[in-house]
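Trainee: I want to see how each label is justified. Can we go through them one at a time?

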Amino acid sequence: MNQLVYLGLGTNIGDRDSNLFTAIAALDVRDDISVNRTASIYESEPMYNQDQPNFLNSVVEIETSLQPEIMMQVCCLLYTSPSPRDAT
């Protein structure tokens, strides 16, 4: 059974726009994840360590058949892989 999930995304390193779009695309190409909607992109200042670039943030609404633990693994792979395409 598919579950509705909302994921917050953020990036402040490199080509921030491309990072967001690549992460969303890496989620959407999976057979077990479908991206329904994406929120607008907002720029925000870092909260605690001010000595870093501003963030770009968004939220995606997805439907997935993955169990929460597996969905978390997918998100961690997106976060840690040099290219989000490596997480598919």
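Trainee: Which residue forms a salt bridge with glutamate 61?

Mentor: Arginine 37 does. Keep in mind that this is a predicted model.

Trainee: What makes glutamate 61 and arginine 37 a salt bridge?

Mentor: Their closest N and O atoms are 2.9 Å apart. The cut-off is within 4 Å, so the pair qualifies. Glutamate 61 lies in strand S4 (residues 55–64) and arginine 37 in strand S2 (residues 33–38), so the bridge ties together parts 24 residues apart in sequence.

Trainee: Why is glutamate 61 called buried?

Mentor: Its relative accessible area is 10%. Buried means under 20%, so glutamate 61 is buried.

Trainee: And arginine 37: buried or exposed?

Mentor: Exposed, at a relative accessible area of 53%. The label needs over 50%, so arginine 37 earns it.

Trainee: How many salt bridges are there by this rule?

Mentor: The count is 3. One of them joins arginine 16 and glutamate 43, with the closest N and O atoms 3.2 Å apart. That pair links distant parts of the chain: arginine 16 is in helix H1 (residues 16–28), glutamate 43 in strand S3 (residues 42–44), and they are 27 residues apart. Another is between aspartate 32 and arginine 30, at 3.0 Å from N to O.

Trainee: Why does arginine 16 count as partly exposed?

Mentor: Arginine 16 has 23% relative accessibility. Partly exposed runs between the 20% and 50% limits, so the label fits.

Trainee: What about glutamine 3: what is its relative accessible area?

Mentor: It is 40%, so glutamine 3 is partly exposed by those limits too. Glutamine 3 lies in strand S1 (residues 3–11). Leaving aside residues up to four places away in sequence, glutamine 3 touches Ile62, Glu63 and Thr64.

Trainee: In what order do the elements of the protein chain run?

Mentor: From the N terminus on, β-α-β-β-β-α. That is 2 helices and 4 strands.

Trainee: How do you know that the protein chain is as compact as a globular protein of that length?

Mentor: Its radius of gyration is 13 Å, close to the 12 Å the globule rule gives for 88 residues, so the description holds. Buried residues make up 31% of the 88.

Trainee: How much of the contact set joins residues at least 24 apart?

Mentor: Among contacts between residues at least 6 apart in sequence, 65% do.

Conventions:
Residues are numbered from 1 along each chain as its sequence is written. This is a predicted model: local features need pLDDT of at least 70, side-chain atom pairs count only at pLDDT 80 or more; totals for chains, interfaces and linings use all residues. Side-chain values use heavy atoms; hydrogens and water are left out. The radius of gyration is taken over C-alpha atoms; the globule rule is 2.2 Å times the number of residues to the power 0.38. Buried means under 20% relative accessible area, exposed over 50%, partly exposed in between (1.4 Å probe, protein chains only). Contact means heavy atoms within 4.5 Å. A salt bridge is a side-chain nitrogen of Lys or Arg within 4 Å of a carboxyl oxygen of Asp or Glu.
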